[in-house]
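Colleague: I should be grateful for a close look at a single part of this model, namely one helix together with the pocket beside which its residues are found. Please set that part in the context of the chain and of the loops around it.

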Amino acid sequence: MIISDSIMAIMTKIGKAVEKGATDDIREYLNSSENVTNNAIAFLRSDYINTNLSRFVANDNVDIKLFKRSSWTGALVIDRENKLIFSVCSRKTLDRIPKNKTRRSPHYMQTILNTVNKDEIAPVKQMSIADFNPSLITGFSDDDYEKDFLSIMEEAVIFYEGYRLWVITYEVERFNLTNIAAVLMDGEFDTVQEVSILEMIKPNFGDLTLEEPKEKKKKDVRSLISIKPGLISVQSSEPEKRTEIQPKSAEESKEA
């Protein structure tokens, strides 16, 4: 698929929304939290990302579609102009989805891939146990996928003819976005095409001023002082004199 400037622009917008939600918004939450524990972080990240998508990506040609799956609410970005659907998830989550062979109903991403992306075929296919033993295949029928698509989008799949789903997948390490890409996949989650978004996101200069979470800011006051060079030998020969102690900043300014 040819990635036009228009498509790259919306991918970049989504990338920035993800970066803010997965890094800056979480840092800000932790810095302002007075909670003893912060278990909510596991769910907050997706909430922040979905909120940022609604605020910064939606426009006259781009809709944010919210949908319910049990007690969880998901969000899809629908680009009407380019006939694209975008879903956001972490790389770990994306890798985990096709490994679950005991689902009673399809994962929402599995449903969309097997409807709007059903004509896509990855150039390299991953081997699975089912390839060696077809009796182990526990897939869903086209009818299952079409019914589930209707429950997600509240419209029949026929209204999305010509659309494609791209998954915006990201990785975060210590409050920093280490990778983010748009991935086009077939119905078996094999990659057809991948576009890096990380290089399109400008460096986050906010990292230079944002504080670390409060639990990481505590320092021993002893790390702020140092013994002036040469005083150890003086102290041993002149015990009546006290060791001179001064802040590191003052010492460094004298050496500059």
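**Helix 2 and its surroundings**

Modeller: In this predicted model, 37% of the 256 residues of the protein chain count as buried. The chain has 8 helices and 8 strands. Of its contacts with a separation of 6 or more, 62% are between residues 24 or more positions apart.

The part to examine is helix 2, which covers residues 41-56. Helix 2 has 16 residues, which at 1.5 Å a residue should span 22 Å; its end C-alpha atoms are 22 Å apart, so the expected and computed values agree. The buried residues of helix 2 are Leu44, Ile49, Asn50, Asn52 and Leu53. These buried residues pack against helix 1, strand 1 (62-69), strand 2, strand 3 and strand 4 (164-173).

Helix 2 also contributes to a pocket. The second largest pocket has a volume of about 640 Å³. It is lined by 24 residues, of which Ser46, Trp72, Val88, Cys89 and Thr93 are the closest to its centre. Two or more lining residues come from each of helix 2, strand 2 (72-79), strand 3 (84-90), helix 3 (91-96) and helix 4 (108-113). Helix 2 provides the largest share of this lining, with 8 residues. Sorted by class, the lining of the pocket comprises 12 nonpolar, 8 polar and 4 charged residues.

The loop that precedes helix 2 merits attention as well. Serine 33 lies in this loop, between helix 1 (5-32) and helix 2. Serine 33 counts as buried because its relative accessible area is 10%, under the 20% limit. Its side chain reaches the backbone nitrogen of asparagine 35 at 3.1 Å. A further polar contact, of 2.9 Å, links the side chain of serine 33 with that of asparagine 38.

Strand 1, one of the elements against which the buried residues of helix 2 pack, contains leucine 66. With a relative accessible area of 54%, leucine 66 is exposed. Leaving aside residues up to four places away in sequence, leucine 66 touches Thr73, Gly74 and Ala75. The C-alpha atoms of leucine 66 and isoleucine 152 are 8.5 Å apart in space, although the two residues are 86 residues apart in sequence.

Helix 4, which gives residues to the pocket lining, is followed by a loop that leads to helix 5 (129-132) and holds asparagine 117. Asparagine 117 is buried, with a relative accessible area of 0%. Beyond residues up to four places away in sequence, asparagine 117 touches Ile112, Tyr163, Arg164, Leu165, Leu184, Met185 and Asp186.

Strand 4, another packing partner of the buried residues of helix 2, has a loop on either side, and each holds a residue with a notable backbone angle. Most residues other than glycine have a negative phi. Glutamate 154, in the loop between helix 6 (142-153) and strand 4, has a positive phi, near 60°. Arginine 174, in the loop between strand 4 and strand 5 (176-185), has a positive phi of about 50°. Glutamate 154 counts as exposed, at 62% relative accessibility, and arginine 174 is exposed, with a relative accessible area of 61%.

Terms used: Residues numbered from 1 in each chain as written. Predicted model: local features only at pLDDT ≥ 70, side-chain atom pairs only at ≥ 80, totals over all residues. Heavy atoms only, no water. Helix = DSSP H or I, 4+ residues; strand = E, 2+ residues; numbered from the N terminus. Buried < 20%, exposed > 50% of the residue type's maximum accessible area, 1.4 Å probe, protein only. Polar contact = N/O pair within 3.5 Å; in protein donor to acceptor, adjacent residues only side chain to side chain. 1 Å grid on protein atoms, 1.4 Å probe; cavity = no way out; pocket = protein on both sides within 12 Å on 5 of 7 lines; lining within 4 Å. Points joined across faces, edges and corners; volume = space filled by probe spheres on them. Nonpolar A, V, L, I, M, F, W, Y, C, P; charged D, E, K, R; others polar. Expected span 1.5 Å × (residues − 1). Contact = heavy atoms within 4.5 Å.
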